[in-house]
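The exercises below are to be worked with the sequence and the coordinates at hand. Each task is followed by a solution in steps.

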Amino acid sequence: MNIFQIVVIGIVGVLLVLTVKEKNPEFALGTSLITGAVILVAVITRFDGIFDFLNRYMTVDGFNSDYIKILMKILGIAYVTQFGAEICKDAGAASVASKIELAGKVIILSYGIPIILSLLDTVRGILG
Amino acid sequence: MEIDLIFKIASVGIIVAVLNTLLKNSNRDEQAMMVTIAGLIIVLMVIAKEISSLFSAVRNLFNL
């Protein structure tokens, strides 16, 4: 699924959204949601290679590998949060979008706490 | 699988729009509302299936 197909899918999707929008907007939202989902599904297969590379070559000593897992979790959460928030913004519900983004930030922060703790330990080790 | 999904949703939208104007002109507004709701349900089912496949792909890729 190269970039040309993705761009064509996006443009065709937006064209269909516009044709349907003025008559009944809920189908326009459905079409834009499906277009986004289709593009994301097409892109998501590329992540496998990136994560294999990360897992294999990022085992530098003093940097244990479960930070990579946390980073991947955070990436996934950001991915889904951004998808949902943009759909709500498209539909004009900016308040719902900001709530979704707030929830995503809180969840990401809660996942990042162990990394922050280990950072503080290393800093204390250097200073102490 | 991808592009015809978008066409399916858009075609349901267009058909519902045409049927709505048709039914409204022959002053059967409640049937027009029922057609809109039926179309919406169809679209929602297709979207739910696609979104669930997307989210399960994200889940087992980022092992959330």
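**Exercise 1.** With which side chain does the side chain of B:T36 make a polar contact?

*Solution.* The model is a predicted one, in which local features need pLDDT of at least 70, side-chain atom pairs count only at pLDDT 80 or more, and totals for chains, interfaces and linings use all residues. Residues are numbered from 1 along each chain as its sequence is written, chains are lettered from A and ligands numbered from 1 in the order in which they are written, and side-chain values use heavy atoms, with hydrogens and water left out.

Step 1. Locate the residue: B:T36 belongs to helix α2 of chain B, residues 29–61. Helices (H or I, at least four residues) and strands (E, at least two) are DSSP runs, numbered from the N terminus.

Step 2. Apply the criterion for a polar contact: a pair of N or O atoms within 3.5 Å, where within protein one must be able to donate a hydrogen and the other to accept it, and residues adjacent in sequence count only if both atoms are side-chain atoms. The partner is the side chain of B:N20, at 2.9 Å.

Step 3. Examine the backbone as well: a polar atom of the B:T36 side chain lies 2.9 Å from the backbone oxygen of B:A32.

Step 4. List the neighbours, a contact being heavy atoms within 4.5 Å. Leaving aside residues up to four places away in sequence, B:T36 touches B:V16 and B:N20 as well as A:E26 and A:F27.

Step 5. Classify the accessibility, where buried is under 20% relative accessible area, exposed is over 50% and partly exposed is in between (1.4 Å probe, protein chains only). B:T36 counts as buried because its relative accessibility is 12%.

**Exercise 2.** Describe the interface of chain A and chain B by its area, its composition and its polar pairs.

*Solution.* Step 1. Count the participants: chain A contributes 31 residues to the contact and chain B contributes 29 residues.

Step 2. State the buried area, which is the accessible area (1.4 Å probe) that two parts lose on being put together, summed over both. The two chains bury about 2,600 Å² between them, with 87% of it on carbon and sulfur atoms. On the side of chain A, the residues that lose the most area to chain B are A:F27, A:I34 and A:I44, together 22% of what that side buries.

Step 3. Search for polar pairs. The rule finds 0 salt bridges across this interface, a salt bridge being a side-chain nitrogen of Lys or Arg within 4 Å of a carboxyl oxygen of Asp or Glu. It finds 1 residue pair in polar contact, both at pLDDT 80 or more.

Step 4. Assign the side of chain A that touches chain B to helices: α1 (3–21), α2 (25–44), α3 (47–57) and α4 (66–90) of chain A each supply at least two residues. The most come from α2(A), with 12 residues.

Step 5. Sort that side by residue class: 21 are nonpolar, 6 polar and 4 charged. Here Ala, Val, Leu, Ile, Met, Phe, Trp, Tyr, Cys and Pro count as nonpolar, Asp, Glu, Lys and Arg as charged, and the others, Gly among them, as polar.

**Exercise 3.** How many salt bridges are found over all chains, and which residues do shared partners join into one network?

*Solution.* Step 1. A search of the whole structure gives 3 salt bridges over all chains. Side chains of opposite charge can pair when their charged atoms come close.

Step 2. Within helix α4 of chain A, the side chains of A:E86 and A:K89 meet at 3.8 Å, N to O. These two residues are 3 residues apart, about one turn of the helix.

Step 3. A:K89 also forms a salt bridge with A:E101, with 2.9 Å between the closest N and O atoms. Because A:E101 lies in helix α5 of chain A and A:K89 in helix α4 of chain A, this pair ties together parts that are 12 residues apart in sequence.

Step 4. Within helix α5 of chain A, A:R124 and A:D121 form a salt bridge at 3.2 Å, N to O. A:R124 is exposed at 54% relative accessibility, and A:D121 is partly exposed at 45%.

Step 5. Through shared partners, salt bridges join A:E86, A:K89 and A:E101 into one network.
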